[in-house]
Amino acid sequence: MQTQGNNPYAPPAAIVEDEQNWQQDGQYIPGGRTVSAGRGVSWFGMGWEFFKQSPLGWIVLLIVFGVLWMVVSMIPLVNLLAIVLFPVLNGGVMIACENQRRNGSLAIGDLFAGFQQKFGPLAILGLISFGVMLVSMIPVIAIMGFGFASALMGGQQIDPSMIMGMMGSFGLAMLLMVVISMLMYSALWFAPALITLQNLSPVEAIKASFAGCWKNFLAGLVYFITATILMILGAIPLGLGLLVVLPMLMVSIYAGYRDIYIEE
């Protein structure tokens, strides 16, 4: 497969996933398998291939996804449901990718297939992620609160040493937040695909997603570096490149799922 001219969003040709492989069905690998680090780039190769098949469709799907998400997020009280809505929409994206792989065309209506087919499990996944997020904030808040309390104990005036102490507590809290976020995203990254496409329960999907992500830590690291570079490139031309990069990012999650959990 060759890159498309000078398009900066086209992935390197040397490690793009072979089209004949990802077009085949395969058997599910419980817990996933370990793939090479370079596969983290090839997942965007499938994203590019899917986008090329239906560029307008993917742009429309992206806009509908974004508008729906923003509307829900901006309505008071209703915005609390956004954390539940997100995995349901992601499940729809995974179904859209699966159907495009099988049929060669994108159906924009598949974005809402998660509501029709797997709303219960996907909503439960959203509630679990919301609960985990709240619980994960407790140690962060505790560390920061302890730092401020220690610095201000005894009603003493704030001096440079106290400020340094508060900064140290803040830095430790931020480090802990990064670690917790990595663990949480590892558990949730492939879960919508595993629920919608493999009929796993939310808990089973979380376990399988976590296992697959940590078996492929290097591929994930390469993936996120590549995603960051593509996002920067996409933002340069007035952000218009994101209309290409973001659909590729959506499909790349499906591609990672196929690569790690499906024996072809």
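Is tyrosine 257 buried or exposed? Select tyrosine 257: this residue is buried, at 2% relative accessible area (buried is under 20%, exposed over 50%, partly exposed in between, with a 1.4 Å probe and protein chains only). The model is predicted, so local features need pLDDT of at least 70 and side-chain atom pairs 80 or more, while totals for chains, interfaces and linings use all residues. Numbering starts from 1 along each chain as its sequence is written, and side-chain values use heavy atoms, without hydrogens and water.

Add tyrosine 254, also buried, at 0%. The two sit three residues apart in helix 11 (residues 242-261), about one helical turn. Helices here are DSSP runs of H or I, at least four residues, numbered from the N terminus. Their rings form a tilted aromatic pair, 5.9 Å centre to centre, with 40° between the planes. Phe, Tyr and Trp rings (six-membered ring for Trp) pair if centres lie within 6.5 Å; under 30 degrees is stacked, over 60 edge-to-face, the rest tilted.

Now extend to Tyr28, Phe50, Phe190 and Tyr261, which ring pairs link with Tyr254 and Tyr257 into a cluster.

Next, the largest pocket, about 780 Å³. A pocket is an open set of points on a 1 Å grid over the protein atoms alone, where a 1.4 Å probe fits, with protein on both sides within 12 Å along at least five of seven lines; lining residues have an atom within 4 Å of a point. Volume is the space filled by probe spheres set on the points, joined across faces, edges and corners. Select Phe86, Asn90, Tyr185, Trp189 and Ile253, the closest to its centre among 26 lining residues. Helix 4 gives the largest share of this lining, six residues.
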